[in-house]
Amino acid sequence: MNNQIIEVNHPEWTTHIAQDKWVTDLEAGKVLHFTSLEFPVPAFELDFFTSEIRNPKSRNISLDASGNLKGAVGNEEVQAGLGLMMERFRTQAQALVNSYFPCYKDYLSVAPTSFRPMQIETRNQSWRADDKRLHVDAFPSRPNYGERILRVFINVNPDNVARVWRVGEPFEAIVERFIPQAAPYSAWRARALNIAGVTKSFRSEYDHLMLQLHDAMKRDLDYQRNSPQLTVPFPAGSVWACFSDQVSHAAMSGQYMMEQTFHLPVSNQYDTNASPLAILRNFTGRELI
Ligand code: SIN
Ligand code: FE
């Protein structure tokens with residue numbers, strides 16, 4: 001368990017000496033913790049650091065590729081300023097993944113950037129939505145057929161408060177533990193969910209199994225408490241990256257984080273055998289998509 005976190009102390013968002021090891025670590029389900037990157041926040045941006053900036057009707061604040069900001073309240077100036085701060089992070093996160101993981105460069109697509117100003121400890125959510133419980137990311141309405149979810153996070157807390165995660169056991173162990181009890185896949189039900197508009201496209205068996213893992217982990221309080229896990233404080237200013245569809249993670253405390261998601265076709269991994277799709281396919285002996 002102790003080697004789930006790989007520290008990268010290089011002080012730049014880009015590197016000329018990308019190592020295969022970083023990609024291999026990422027694909028093996030490690031979290032890369034960049035300990036020494038700078039993301040200066042000018043004084044006027046400190047106004048954005050309040051939980052009140054989120055529209056209570058939205059879960060998060062997000063900025064899409066065309067610069068549309070959603071989920072924030074405040075006048076035009078505040079919204080424009082917040083959008084610029086988030087865009088600055090997106091630019092840095094893109095530079096980071098393109099440079100540290102150059103083999104993905106031509107294949108990544110960029111999802112919206114999010115800003116999470118809420119205090120984790122006081123959030124009250126249903127067990128399924130509760131990210132304080134260990135889980136792998138899987139989304140009920142958005143089947144992805146094995147496409148990878150690469151996320152870059154930054155703790156932008158201005159008061160030096162760490163963002164504390166738990167990181168759980170490797171994906172292979174989660175599969176062995178929970179897939180034997182998973183509800184069987186029903187193509188008929190997947191079709192009904194699609195027709196009813198519950199899913200944006202047809203839910204594959206892969207997507208079904210990923211949701212089963214997500215829910216089985218979160219539902220099981222004994223697993224939450226007693227399974228192998230590490231507590232990992234990411235100090236203010238830290239940047240970290242992982243495949244969140246593979247790394248078991250839970251966010252326990254902290255406030256003010258930005259996150260950039262990238263999607264990577266599973267066929268463009270360095271080692272396609274390291275993907276959740278391949279691991280689940282090997283375990284079940286079925287194609288799954
Ligand atoms: C999550 O991705 O589950 C939560 C991450 C965070 O809020 O730090
Ligand atoms: Fe998550």
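Trainee: What do the buried residues of α3 pack against?

Mentor: In this predicted model, they pack against α5 (205-219), α6 (221-226) and α7 (276-284), where helices are DSSP runs of H or I with at least four residues, strands are runs of E with at least two, and both are numbered from the N terminus. Local features need pLDDT of at least 70, side-chain atom pairs count only at pLDDT 80 or more, and totals for chains, interfaces and linings use all residues. Residues are numbered from 1 along each chain as its sequence is written, and side-chain values use heavy atoms, without hydrogens and water.

Trainee: Which residues of α3 are buried, and why are they said to line one face of the helix?

Mentor: They are Phe171, Ile174, Val175 and Phe178. Seen down the axis of α3, these buried residues fall within an arc of 100°, so they line one face; the arc is that of the directions from the helix axis to the C-beta atoms.

Trainee: What describes the packing of α3 and α7?

Mentor: The angle is about 40° and the axes are 10 Å apart. Axes are lines fitted to C-alpha atoms, for helices over the stretch in contact, and angles run from 0 to 180 degrees between N-to-C directions. Phe171, Glu172, Val175 and Glu176 of α3 make the contact with Pro276, Ile279, Leu280 and Phe283 of α7, contact being heavy atoms within 4.5 Å.

Trainee: Why is histidine 135 called buried?

Mentor: Its relative accessibility is 2%, and buried means under 20% relative accessible area, exposed over 50%, and partly exposed in between (1.4 Å probe, protein chains only). Histidine 135 therefore counts as buried. Aspartate 137, at 7%, counts as buried too.

Trainee: What makes His135 and Asp137 donors of the iron ion (ligand 2)?

Mentor: Donors are N, O and S atoms within 2.8 Å of the metal (3.2 Å for Na, K and Ca); water is not among the atoms, so sites may look incomplete. His135 (NE2), Asp137 (OD) and His249 (NE2) coordinate the iron ion (ligand 2) at 2.1 to 2.2 Å, so these atoms meet the limit of 2.8 Å. In sequence the donor residues are spaced H-x1-D-x111-H.

Trainee: How do you know that aspartate 130 is buried, and where is this residue found?

Mentor: At 9% relative accessibility, aspartate 130 counts as buried. The residue is found in the loop between β5 (109-116) and β6 (148-155). Leaving aside neighbours within four places in sequence, aspartate 130 is in contact with Gln125 and Lys218.

Conventions. Chains lettered and ligands numbered in written order.
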